[in-house]
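Open your viewer and get comfortable. We will go from the whole chain to a few side chains, one selection at a time.

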Amino acid sequence: IPILIIHGMDDEIISFKDSESIYSGAGQAKELWLVPESVHGDAPDVAGIEYRERIVGFFDRYLVK
């Protein structure tokens, strides 16, 4: 199952290290994007268009047949 993990580097609720652990334990078809200067839940606002591009790119690579 493909997995895309997006996590803010400045998240004070959940450490980005947790996302790194999940990523390292996942199988193939995985991506991890640690968003600089992003707190919990604000990656879309911080990353802007790049957020959308990464999600659409992931769907194109792994989910759209």
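Start with the whole protein: of its 65 residues, 23% are buried. Keep in mind that this is a predicted model, with a mean pLDDT of 95 and 98% of residues at 70 or more.

Now switch to a cartoon view. You should find three helices and two strands, running β-α-β-α-α along the sequence. Fit a box to the C-alpha atoms along the principal axes and you get roughly 35 × 30 × 15 Å.

Next, colour by confidence. Select strand β2 (residues 30–35), where the mean is highest at 98, then helix α3 (residues 49–62), where it is lowest at 96.

Stay with those two elements and show the aromatic rings. How many aromatic pairs does a search of the whole structure find? There are two. For one of them, select tryptophan 33 and tyrosine 51: their centres are 6.3 Å apart, with 40° between the planes, a tilted pair. Because tryptophan 33 sits in strand β2 and tyrosine 51 in helix α3, this pair ties together parts 18 residues apart in sequence. Tryptophan 33 is buried, at 7% relative accessibility, whereas tyrosine 51 is partly exposed at 24%.

Then select phenylalanine 58 and tyrosine 62. Their ring centres lie 4.9 Å apart and their planes meet at 55°, so this pair is tilted. Both belong to helix α3, four residues apart, or about one helical turn. Is phenylalanine 58 buried or exposed? Phenylalanine 58 is buried, with a relative accessible area of 4%, while tyrosine 62 is partly exposed at 27%.

Finally, show the charged side chains: 6 are positive and 12 negative, and the centres of the two sets lie 12 Å apart.

Terms used
Residues numbered from 1 in each chain as written. Predicted model: local features only at pLDDT ≥ 70, side-chain atom pairs only at ≥ 80, totals over all residues. Heavy atoms only, no water. pLDDT = per-residue confidence, 0-100. Buried < 20%, exposed > 50% of the residue type's maximum accessible area, 1.4 Å probe, protein only. Lys, Arg positive; Asp, Glu negative; His and termini not counted. Charge placed at Lys NZ, Arg CZ, Asp CG, Glu CD. Phe/Tyr/Trp six-rings, centres within 6.5 Å; stacked < 30°, edge-to-face > 60°.
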